[in-house]
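Please consider the sequence and the structure shown here together. The account below proceeds from one chain to a helix of its partner, and then to the contact between the two.

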Amino acid sequence: MKKVFIISRIFNRAVMKAVWPIWLGYLPLGFAGGVLAQKVGLTPWETGVMSLLVFAGSGQFIALAMMGGGTASITSIVMTTFIVNLRHLLYSSTLATYLMEKSKKYLGVFAQGITDETFAVNLNKFTAAEADWDADKALGVNVLAHACWIFSNVLGNITGNILVIDMAVVSYTLTAMFIGLWSFHFGHKLLIIIGIFSGVLALLLSSVLDHKLHIVVATLLAATAGCLVESWCVKK
Amino acid sequence: MCLVSYLPRVMPPFILAKIKISPFVERWLQYVPTSVFGALVFSEIFIKEGRLDFSLSNVNLLASLLVLLVAVKTHSLAKSIVVGLASFWLLQNFI
């Protein structure tokens, strides 16, 4: 009985409603990743294991491209993956406030499911006015998103390039999702200004910082600026 | 690869569970979501194949303005995504 209870806390209608936009993006994106993996010479099994253990969209794409290039060493592939994934430090730290009383095992499973997309969806739910979100539902989103990622990667690897996918349209699904989620955070003016500021910073930094590090640095700077402006306004 | 993908994800909750979060950090965390989204969205809209593209022919930009409008007006993620995909596809193919 206890087991059924737990499963329904993790997978339920609210979770499905939250996870579908991620599926919409991950299905074609993972499919494309699987096709790429096949071209580089990975078997469906290897692709599945890679998607299970690594679960990093851009990290995987970059790694596959480097494998395909033939010149990259294993060290440089691993280092690049590490740097690309550093932004998860930020996401994981932010979500940690909602996972305070959870066991180590729980955190261990939860952590593997943290991506740009699951972070975005879960954070929005955690901070929403309805306050109907909890760690179990967030875990459900992580696990279902991850399952979809593995499924679509393996499928892409097996079928190869039988479907012609318009990658520009596909990757736009997730952009549209981010824009929507962003706009839900426009609680007061300063939040909007800081968001735009962070965006401009990211663009400026993108020419000097590689591998998505500009996202991390822009966020750190912009959030600090937000705090400073806030305390300055309060003092006045 | 597995390890370098996992470590950044798993370390923070373990470390943060041990220490108490100061009010300043809490205030700081308030500005993280909008900053992350701003950085992600701007990068995805304006960076094309590693270069900045501010031109009006940037389909991303036009579609995104529409998405933003729909998102702010309706507060619906589903509508935002559908409008975004439709407008992106139309703009890309017919303009």
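The following paragraphs describe the overall form of chain B, a helix of chain A, and the interface.

The model is a predicted one. In chain B, the secondary structure consists of five helices and two strands. Their order along the sequence is α-α-α-β-β-α-α, with the two strands placed between three helices on one side and two on the other.

How does chain B compare with a compact globule of 95 residues? Such a globule would have a radius of gyration near 12 Å, whereas the value for chain B is 19 Å. Along the principal axes, the C-alpha atoms of chain B occupy a box of roughly 55 × 35 × 25 Å. Of the 95 residues in this chain, 39% are buried.

In chain A, helix H7 spans residues 104-112. Its buried residues include Leu107(A), Phe110(A) and Ala111(A). These three lie on the same side of H7(A), because the arc that they cover around the axis is only 100°. The general geometry of the α-helix is relevant here: with 3.6 residues a turn, residues three or four places apart point the same way.

The contact between the chains involves 63 residues from chain A and 51 residues from chain B. On the side of chain A that touches chain B, helix H10 (residues 167-183) gives the most, with 13 residues. Classified by residue type, this side of chain A comprises 39 nonpolar, 23 polar and one charged residues.

Technical notes: Residues are numbered from 1 along each chain as its sequence is written. Chains are lettered from A and ligands numbered from 1 in the order in which they are written. This is a predicted model: local features need pLDDT of at least 70, side-chain atom pairs count only at pLDDT 80 or more; totals for chains, interfaces and linings use all residues. Helices (H or I, at least four residues) and strands (E, at least two) are DSSP runs, numbered from the N terminus. The radius of gyration is taken over C-alpha atoms; the globule rule is 2.2 Å times the number of residues to the power 0.38. A residue is buried if 20 or more other C-beta atoms lie within 10 Å of its own, exposed if 12 or fewer, and partly exposed in between; C-beta atoms are placed from the backbone. The arc is that of the directions from the helix axis to the C-beta atoms. Two residues are in contact if their C-beta atoms, placed from the backbone, lie within 7 Å. Ala, Val, Leu, Ile, Met, Phe, Trp, Tyr, Cys and Pro count as nonpolar, Asp, Glu, Lys and Arg as charged, and the others, Gly among them, as polar.
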